[in-house]
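Here are some worked exercises to go through with the model open beside you. Try each task before you read its solution.

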Amino acid sequence: VEDITRAADVGKGTFFNYFRTKEMLLNEWAERRLDILRGARAEVQEKKAPVREVLRRLFFHLMQEPTRSHCAARCMLVGLLGSEPIAGMAQGTASRARQILAEVMEAGQRRGEIRRDTTAKDLAQLFQQTFFGFIHLWVLIPNQSLSRRLNAAFDLFWAAAAVPPVRSRESAK
């Protein structure tokens with residue numbers, strides 16, 4: 001809690017006015033992430049935009065809060081993995097997030113925008129790995145261009161998820 005309040009530049013008393021424990025804060029943060037995912041799923045289901053656009057916005061939206069401060073991101077990661085009860089909560093949230101992401105991937109597969117030779121669940125896990133891997137490296141390597149690295153990370157994810165381009169007979173020779 002001390003690290004969190006220092007990173008947020010608030011007193012401990014202020015923290016406890018909003019959250020009884022740090023676990024309550026982490027749970028609230030996780031639930032907000034799930035709401036962001038649900039919004040992306042609804043957008044894909046309503047066919048408002050190409051899946052690639054929705055996933056790119058989702059990736060950036062999920063990264064907004066953790067990338068405001070290296071210290072806060074580090075505290076979040078340590079907090080999520082720091083004890084068995086919290087890690088168990090994080091695993092449950094990650095599982096629910098993967099299910100929502102898998103539904104997005106399945107919709108993309110039905111629309112012909114996402115490859116079908118890989119399961120939607122595997123693609124959902126790849127999205128999560130890209131997200132969490134990015135946060136870990138961003139905390140460890142702070143002097144990076146955030147925007148450039150976010151775009152590069154998403155582009156690599158999309159290269160793996162997108163329907164492979166059809167090769168013409170000429171280029172195959």
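**Exercise 1: the fold in outline**

Find the order of the secondary structure elements along the chain, then describe its overall dimensions and packing.

*Solution.* Step one is to read along the sequence, which gives the pattern α-α-α-α-α-α-α-α-α. The count is thus 9 helices and 0 strands, where helices (H or I, at least four residues) and strands (E, at least two) are DSSP runs, numbered from the N terminus. A word on the ground rules: this is a predicted model, in which local features need pLDDT of at least 70 and side-chain atom pairs count only at pLDDT 80 or more, while totals for chains, interfaces and linings use all residues. Residues are numbered from 1 along each chain as its sequence is written, and side-chain values use heavy atoms, with hydrogens and water left out.

Step two is the extent: the C-alpha trace spans about 65 × 35 × 30 Å along its principal axes.

Step three is burial. Of the 173 residues, 36% count as buried; buried means under 20% relative accessible area, exposed over 50%, and partly exposed in between (1.4 Å probe, protein chains only). The accessible surface comes to about 10300 Å², with 53% of it belonging to carbon and sulfur atoms; these areas come from the Shrake-Rupley method with a 1.4 Å probe, and for residues only the protein chains shown count as cover.

Step four is contacts, meaning heavy atoms within 4.5 Å. Among contacts with a separation of 6 or more, 67% are between residues 24 or more positions apart.

**Exercise 2: salt bridges between helices**

Locate the salt bridges that Arg96, Arg57 and Arg56 form, and say which helices they link.

*Solution.* Start with the search of the whole structure, which finds 10 salt bridges. The criterion is a side-chain nitrogen of Lys or Arg within 4 Å of a carboxyl oxygen of Asp or Glu.

Next, take Arg96, which pairs with Glu31 at 3.0 Å between the closest N and O atoms. Arg96 lies in α6 and Glu31 in α3, so this bridge ties together parts 65 residues apart in sequence. Arg96 is partly exposed at 38% relative accessible area, and Glu31 is partly exposed at 28%.

Then turn to Arg57, whose side chain meets that of Glu43 in a salt bridge of 2.1 Å, N to O. Here the link runs from Glu43 in α3 to Arg57 in α4 (residues 51-64), 14 residues apart. Arg57 has 38% relative accessibility and counts as partly exposed.

For Arg56, the partner is Asp155, with the closest N and O atoms 2.4 Å apart. Asp155 sits in α8 (residues 146-161) and Arg56 in α4, 99 residues apart. Asp155 is partly exposed at 35%, as is Arg56 at 22%.

Finally, look for shared partners: salt bridges of this kind join Glu43, Glu53 and Arg57 into one network.

**Exercise 3: two pockets**

Which residues lie nearest the centre of the largest pocket, and which helix gives the most to its lining? Repeat the analysis for the second largest pocket.

*Solution.* First, the terms. On a 1 Å grid over the protein atoms alone, a pocket is an open set of points with protein on both sides within 12 Å along at least five of seven lines, and lining residues have an atom within 4 Å of a point. Grid points are joined across faces, edges and corners, and a volume is the space filled by probe spheres (1.4 Å probe) set on the points.

The largest pocket has a volume of about 850 Å³. Its lining has 32 residues, with Ile4, Ala8, Leu25, Glu65 and Ala72 nearest the centre. At least two lining residues come from each of α1 (2-8), α2 (12-18), α3 (22-45) and α5 (70-81), and α5 gives the most, with 7 residues. By type, the lining divides into 18 nonpolar, 6 polar and 8 charged residues. In this scheme Ala, Val, Leu, Ile, Met, Phe, Trp, Tyr, Cys and Pro are nonpolar, Asp, Glu, Lys and Arg charged, and the others, Gly among them, polar.

Now the second largest pocket, with a volume of about 400 Å³. It is lined by 21 residues, and Leu80, Ala90, Ala94, Gln128 and Phe132 are the closest to its centre. The largest share, 7 residues, comes from α6. The lining holds 16 nonpolar, 4 polar and 1 charged.
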